[in-house]
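Got the viewer open and the sequence panel showing? Then let's walk through this one stop at a time.

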Amino acid sequence: MGLTRSQWARRAFLALFIASFFQGVSLLVPSKLGSATLTAAKDQLGNARLSFSSALEGTHVVGQTTINIDTSNYPDENTNHLFPGDTAHIGSNNYTVGTIIDSDTFTLTSGLLSGDTSDDTKIYVDQDTNAIHTISFTTASFVANGAIRILVPANANNTNNSDGNPDADGFDLNSVTAGDVTCPGDTTGFDFVAGTATDAGTSGWHTFECRYSGSGNTSTALSLTIGVTQKLLNPAPESSHVQGTADDYTITIRNLNSAYSTVDEVNAKVVLIEGVRVSATVESTLSFSIAGVSAGSTNCGTNATSDVVTTVYSVPFGSISNFNAFYDAEQKLTVSTNANDGYEVRMYEDDELGKGGADSPFIADTLCDTGPCTHIAPQEWVTLSINGFGYSLQNSSGTDSEFEWDDTTPTTGFKAKQFPNYTEGSTQYTASGAEIMSYNDPVDGSSVFVCYRLKVSGTQAAGDYYNTITYIATPQF
Amino acid sequence: MKKIKYLLIAFILLVFFPQTVRAQSLGLGIYPPLLEVTIMPGKTLTQVYHLTNSGEVNLTMTSAIVAFEPSDETGGVKIIENTEKLQPLQFGFLNADLRLGQTFSLPTGKTQEVVLIIKVPETAPEKDYYAILLFQTSPLANLGGQSASQTQTKIGSPLLISVSRTGEPFRKASIEEFSLKNCAKLCIIDSFSPPQWLVRIKNSGHSFFKPLGKITLQGWLNQTETLDLLPQNILSDSTREIQCQKEDQVVSCQSQSKFLIGPFKAKLEFGLDDFSNDYQKEIQFIALPFKLGFGLLILVIILGLIKSKLVLDRD
């Protein structure tokens with residue numbers, strides 16, 4: 001005989017009651033939830049350079065720019081991770097590091113001020129620029145209405161760990177406040193409120209917290225940052241620090257429940273190391289070269305097409321047989337220097353072109369057309385009836401020539417000067433305006449064509465005429 | 001017959017396919033290009049110099065020490081051939097096989113190292129001595145029976161030697177000129193023309209120095225701009241026009257501002273081999289938009305003329 005509908009209903013109700021009873025009892029004595037590990041945890045630091053911490057060695061004087069550091073009593077015992085351009089806080093003022101002279105000496109770009117000169121005055125180079133901590137992790141459990149808490153290691157001295165100066169064993173709070181904490185964005189199970197920042201006091205940990213409402217969630221990637229306006233100050237080297245080896249610090253990330261108990265936790269490492277100063281000394285130098293130029297060159301215009309091949313040693317005009325033509329020739333001068341103040345090139349002739357190299361007879365230096373042109377002042381020289389020896393210039397690379405052949409008449413002219421004549425005054429070539437090339441900055445391969453021009457009268461005594469042109473290249477001081 | 005054929009081919013190759021003739025070059029490099037030193041009387045200084053033949057011809061060189069003085073206000077050198085000005089300093093080479101003034105060969109691609117020694121006698125007056133170590137090529141002896149100029153090359157490296165017992169020689173400067181270029185007395189500039197300063201500093205002390213300082217431009221709305229002076233050597237008893245620098249590049253001392261208006265103050269301040277405001281000078285000027293105003297005036301006049309023409313035509 002089967003059960004009636006009424007009996008089925010009573011039995012079902014009884015079963016439900018018993019099940020609900022045991023469930024209620026189980027809720028009265030809940031089982032403990034096991035702590036899990038947050039995963040994929042890391043702290044990415046925007047600036048992983050250790051701060052610099054040292055002090056003056058011996059009493060310095062006001063205005064002094066050369067700084068000697070204490071090499072035994074402070075975290076930094078040498079200048080190895082100081083950099084030119086660093087802002088060094090010395091005593092009560094900020095200075096700019098100029099150059100690093102040696103392992104215990106560097107210079108400032110301005111002199112020490114009064115009050116910053118005593119022995120053992122602290123020197124700090126703070127590393128807080130871009131020192132933003134980006135802390136990310138993945139949740140492990142459902143933790144309802146909880147919080148994310150970050151513990152950052154700090155010096156246990158309540159004053160030192162938040163005075164804005166680097167410590168050798170932790171991060172300085174450096175005036176970081178709640179506004180400098182950016183909590184994770186809201187996501188399923190998490191509705192975050194504004195973060196908090198708490199000074200370590202004597203606990204040894206600065207604490208940053210982001211509370212949220214919601215059920216929490218598992219396997220959720222969260223990320224928060226510390227550092228907006230103010231950033232934590234990176235530590236100075238640890239007492240046991242070996243240069244070139246990173247100091248590592250442990251950041252603790254916790255997921256707290258509503259009762260501030262830790263549910264999930266993980267440690268992340270952050271490592272800091274000295275900056276690496278890469279330096280190379282580029283030696284100053286000056287180089288000067290002369291090159292011969294082939295015949296047919298027109299660097300000083302087609303009206304001054306060169307007639308002969310020149311060499312590094314000579315400008316061989318050869319046998320002059322046409323007394324109704326200019327004889328033109330060219331050489332090329334090139335200068336490179338990385339000296340700060342640049343260079344200049346001057347020239348002089350030992351004497352006018354003399355027969356057999358003697359004083360007389362000679363081919364005079366040109367006076368130019370409407371002259372006289374001199375070794376300082378150039379003039380046009382295109383008239384065939386004007387005899388003599390002179391030169392002009394044309395920039396090849398750069399703008400270093402004192403003048404150019406086409407300064408006055410771009411296509412038809414030939415602006416020329418006399419050569420400074422040593423025998424007519426050994427100082428002619430040193431006169432202002434007598435230089436042929438100059439530049440006040442470093443140059444790389446500035447070059448100029450020197451265009452020689454010779455015109456000989458039909459009455460000139462026959463023979464070979466010589467002189468010596470000397471070029472002098474010197475750096476400017 | 002075969003021989004003639006080869007000769008013919010060789011002749012054709014030589015005549016119609018000549019080899020390119022490349023002009024040779026003579027190249028010299030010297031390091032260091034400038035030596036600055038302060039030395040006590042009775043002491044000796046040595047400095048290594050490198051002279052490199054970077055050209056394509058072997059060279060025969062000689063060396064010399066000559067005096068120099070500034071040739072202008074831009075750092076140029078004026079060589080003084082006699083060495084009286086360098087007395088009583090003694091110069092020489094420490095090389096075992098080379099004396100100062102002795103000829104030596106410098107093959108292409110090679111570097112000659114010379115060790116210059118400078119002895120400063122105990123009795124040497126405390127002042128500056130400016131010298132140049134010159135290396136020069138020897139010209140060719142024979143030009144081969146033709147009219148020609150032969151060329152000779154010298155390359156030098158200045159030495160700025162300050163003799164001082166204390167290491168702190170007497171340094172003194174005066175500001176010869178701190179003015180706006182293109183501005184005589186009443187300094188009113190156009191707002192769109194950035195002002196450019198002329199800075200001339202005289203060294204009236206006994207030793208060369210570098211001025212370390214800046215030009216600060218300040219406007220009536222407290223807007224400021226700073227130009228750093230280029231630390232250039234100023235030799236004793238000379239004046240030098242100083243340039244400015246920006247990010248390690250040499251620049252003229254000119255404001256980078258595109259537009260200025262109103263009264264401005266420009267202050268020059270520097271120290272000698274040290275950043276300080278030991279030396280100061282201030283000038284004032286006014287920036288007004290002349291060109292813009294003039295343009296607007298012309299525009300108004302043209303518009304006025306057009307308007308009157310239209311009125312006349314209508315009447």
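Select Thr39(A) and look across to S9(A): the bridge partner there is Thr138(A). These labels follow DSSP runs numbered from the N terminus, with helices being H or I over at least four residues and strands being E over at least two. Before you click further, note that this is a predicted model, where local features need pLDDT of at least 70, side-chain atom pairs count only at pLDDT 80 or more, and totals for chains, interfaces and linings use all residues. Residues are numbered from 1 along each chain as its sequence is written, while chains are lettered from A and ligands numbered from 1 in the order in which they are written.

Now colour all of S2(A) and strand S9 (residues 133–138) of chain A: they pair in the antiparallel sense over five bridges. Pairing here takes at least two DSSP bridges between two strands. Widen the selection and you get an open sheet of four strands, in the order S2-S9-S15-S11 (chain A), with antiparallel pairing. Its edge strands are strand S2 (39–45) and strand S11 (181–182) of chain A, each pairing on one side only.

Zoom out to chain A as a whole. You'll find one helix and 29 strands. Of its 477 residues, 44% are buried, meaning that 20 or more other C-beta atoms lie within 10 Å of the residue's own (exposed is 12 or fewer, partly exposed is in between, and C-beta atoms are placed from the backbone).

**A buried loop residue**

Next, pick Ala304(A), in the loop between S18 and strand S19 (314–318) of chain A. Buried or exposed? Ala304(A) has 25 C-beta neighbours inside 10 Å, so it counts as buried. Leaving aside neighbours within four places in sequence, Ala304(A) is in contact with Asp328(A), Trp405(A), Phe414(A), Cys451(A) and Arg453(A); contact means C-beta atoms, placed from the backbone, within 7 Å. Try a distance label to Phe326(A) too: 22 residues away in sequence, 7.9 Å away in space, C-alpha to C-alpha.

**Across the two chains**

Bring chain B into view. The contact takes 51 residues from chain B and 55 residues from chain A. On the chain B side, the elements giving two or more residues are strand S1 (25–31), strand S5 (77–80) and strand S10 (147–163). S10(B) supplies the largest share, 13 residues.

Now select strand S18 (residues 286–292) of chain A together with S1(B): six bridges join them, and they run antiparallel. Click Phe288(A) and you'll find its bridge partner in S1(B), Leu28(B).

Follow that pairing outwards and an open sheet of eight strands appears, ordered S25(A)-S28(A)-S20(A)-S18(A)-S1(B)-S3(B)-S8(B)-S6(B), with antiparallel pairing. Strand S25 (388–397) of chain A and strand S6 (90–93) of chain B stand at the edges with a single partner strand each, so one side of each has no neighbour in the sheet.

At the chain B end, S6(B) and strand S8 (residues 111–119) pair in the antiparallel sense over four bridges. Select Gln90(B) there, and Lys119(B) in S8(B) stands opposite.

**Last stop: a helix**

Finish on helix H2 (residues 290–314) of chain B, which has 25 residues and reaches 36 Å from its first C-alpha to its last. That is close to the 36 Å expected at 1.5 Å a residue, the expected span being 1.5 Å times one less than the number of residues. How many of the 25 residues in H2(B) are buried? The count is zero, and H2(B) is hardly covered.

Technical notes:
Two residues are in contact if their C-beta atoms, placed from the backbone, lie within 7 Å.
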